[in-house]
Amino acid sequence: MKIAVVGAGWAGLAAAVRARQAGHAVTVFEAAPMPGGRARSDDAGAAAADNGQHILLGGYAATLALMRSVGVDVERALLRLPLSMTYADGAGFALPARGPRLLAGAWALLRARGFTARDKLSVVALAAAWQLRRFRCPPGLSVDELLRLAPTARVKHRLIEPLCVAALNTPAASASAAVFLAVMRDSLFGARGASDLLLPQRPLAQLLPLPALQWLRGHGVDVHLRCRVSALERLAQGWRLRVGGDAPSRPGADGAAFEQVILATPATAAARLTAPLAPAWSACAAALEHEPIVTLALEAPPRAWPAPMLALDSDADARPAQFAFKLGPQDGRVDRVTLVASAAGAWLARGSDALAAAAVAQYRQAFAIAPDEAVDCVGVRADKRATFRCSAGIVRPAARIAPGLFAAGDYVDGPYPATLEAAVLAGEAAAAALDR
Ligand SMILES: Cc1cc2nc3c(=O)[nH]c(=O)nc-3n(C[C@H](O)[C@H](O)[C@H](O)COP(=O)(O)OP(=O)(O)OC[C@H]3O[C@@H](n4cnc5c(N)ncnc54)[C@H](O)[C@@H]3O)c2cc1C
C-alpha cells in the first residue's frame, strides 16, 4: 500500500521503518529541518545540543530493538548503569549490578543510606501491597492517594515523588497511580535489567533519528523535511495531503494521494488536522494538557560524584530541579553539569532568570559549594509542551482515528506515560494496524 507518515519524531520513524519492512511504499513528511521531534538534536554534529536531557531504561525493549534495526550500536551509544537514586551527600540506594532481582532489591534496601529501619520497612510493605494488587488500581486514583497509607514521609519525598515526576512529568498530587504502577511493574519489578538506566553517550540525533533517516532513504522511502502537512482530505479511497513549509521545492509532495495515513505529530497538531474529519477524536486529543521540562546547563567547581546521575531534593518554593547529570567530556577544572526540572510550569511562570538563579542556589546547597566559588548557569532550555500531563483519570485518544487514518505518538492510549518507548510502541502499533 501507499502510506504517508506525517511527523518524523520517534513515533513516526518507528512507524515508517516498520511499515517499510512490511513491504509498503512509504513517504514521510516532517515540518522541521531535522528528524527526532522532541528527542532531537540541533544539528547532525558529534557535539550537537539536544532538546533536553533524555534517559532510557533497560525495559525500553521496542526502542532498543528499533535502534538496532537501523544499525545503531546500542551498547556503545548508551551507558548502562544499575538503577540508583543517590543524592549528592551519598544518601539513597543503588541496585547492585548483578544478582537475582529479589536479592538485589533487598541488598540495595539494606545498604541504603539516609533511611531509617522504619523507612525501609515501609518500602517493603509498599512493594508487597503493589505486588498483591498486581500493580492495578482504579483509574481515578492519584499517586498521592496511592501512598496515603504506606510509606514514611522520607520515603515519599526522597524516593517515590522523584520517581513519579521523572517517569510521568506530573507531580504525585495529581499523577495517575494506574500509569505509575504500570511503570513500576515493567521497570523496577520487571524483567532482569529492565530498571537499568541507559544514559546517552552521543547526541540524541545519533541514537535514532539520523540512522533511521539514512535507513529509510536507503530503502527507497521519500522523506520530505521542512514539509508541514497543512490539511488532510478524505478521498473515495484514501487520503490527499496538502503541504506547506519553507523548503524551496518538494516535487510531488503537495496534493499526493495515499491509501492510508499515519499521523505521528504531537496531539495538538493531530487535533487540528483531524477537527473537520473526526471531531470526537480531535476533541479528545485537544483536551490533553501539557507539562514543561526545563534543562539547565551549569559550570561548577569540580566535585567527586558518587554516580553520573544524582537525585536532588526539590520543592515548589526554592528548589526546582529533581535530577543532576555529569555526562560527556570533563576537563577536571570545571564540572559541566545538566540539571533537569520536570513538571516545571509554576517555575517557568516566574521567568527563566528566576528559575536559573534558584537552580544555581539549589546546586550550591546540594554540593556544599562555598560562596567564593563560582557556579554559572550557561544555558536554559525550556520545552513548554514537553509531555502531556498524566493526571489521574486521564482519557487518551485511541490509535484509530478513521478508516485508513491512524494516530501514533506518546500521547495515544496505552499503559505508559509520554516516553520514547511509548512513542515507538505507538508507531509500531500503527504500522501493524495498516495490514488489517
Ligand atoms: C525536555 C524533554 C525531556 C524528556 N526526557 C525524556 C526521558 O528522559 N525519557 C523518555 O523516555 N522520554 C523523555 N521525553 C519524552 C520524549 O521526548 C517524547 O515522549 C517523545 O520524543 C515523543 O515522540 P513523538 O514521536 O510521539 O512526538 P514528537 O517528538 O513531538 O514528534 C512529532 C513530529 O511531528 C512533526 N510535526 C508536527 N506537526 C507536523 C505537520 N503538520 N506536518 C509534518 N510534521 C509535523 C514535529 O516537527 C515532530 O518532529 C522528554 C521530552 C522532553 C521535551
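Select β4 (78-81) together with strand β7 (residues 197-200) in this predicted model: the two pair in the antiparallel sense over four bridges. For one residue pair to centre the view on, pick Leu79, which stands opposite Leu199 in β7.

Now add β3 (56-57) to the selection, and an open sheet of three strands appears in the order β3-β7-β4, with antiparallel pairing. The edge strands are β3 and β4, each of which pairs on one side only. In general, strands of a sheet pair through backbone hydrogen bonds, either parallel or antiparallel, so showing the backbone atoms is a useful way to view them.

Next, move to β9 (228-235) and strand β10 (residues 238-244), which pair in the antiparallel sense over seven bridges. The two form a hairpin, with two residues between β9 and β10. Within this pairing, select Arg234, whose bridge partner in β10 is Trp239.

Keep β9 displayed and bring up the ligand, since β9 is among the elements that each supply at least two residues of the shell around the ligand, as are α1 (10-21), β17 (376-388) and α14 (420-433). In total, 34 residues surround the ligand, and the closest are Glu30, His54, Ile55, Tyr60 and Asp410. Colouring this shell by residue class will show 18 nonpolar, eleven polar and five charged residues.

Which polar side-chain atom lies 2.8 Å from an oxygen atom of the ligand? It belongs to His54, a residue also listed with the closest ones. Two backbone contacts can be picked out in the same view: a backbone N or O atom of Trp10 lies 3.2 Å from an oxygen atom of the ligand, and a polar backbone atom of Leu420 is 2.9 Å from an oxygen atom of the ligand. Taken alone, the ligand exposes 1000 Å², and the protein buries 92% of that area.

Finally, leave the ligand and turn to the enclosed space in the protein, where the count comes to one cavity of 30 Å³ or more. About 30 Å³ of space lies in the largest cavity. To find this cavity, select its lining, made up of Ala129, Trp130, Arg133, Phe135, Arg136, Cys137, Leu146 and Leu181. How many nonpolar, polar and charged residues does the lining of the largest cavity have? By class, there are six nonpolar residues, no polar ones and two charged ones, and Arg133 and Arg136 can be selected within the lining as the charged residues.

Terms used:
Residues numbered from 1 in each chain as written. Predicted model: local features only at pLDDT ≥ 70, side-chain atom pairs only at ≥ 80, totals over all residues. Heavy atoms only, no water. Near = heavy atom within 4 Å. Polar contact = N/O pair within 3.5 Å; in protein donor to acceptor, adjacent residues only side chain to side chain. Areas by Shrake-Rupley, 256 points an atom, 1.4 Å probe, with all protein chains shown as cover. 1 Å grid on protein atoms, 1.4 Å probe; cavity = no way out; pocket = protein on both sides within 12 Å on 5 of 7 lines; lining within 4 Å. Points joined across faces, edges and corners; volume = space filled by probe spheres on them. Pairing = 2+ DSSP bridges.
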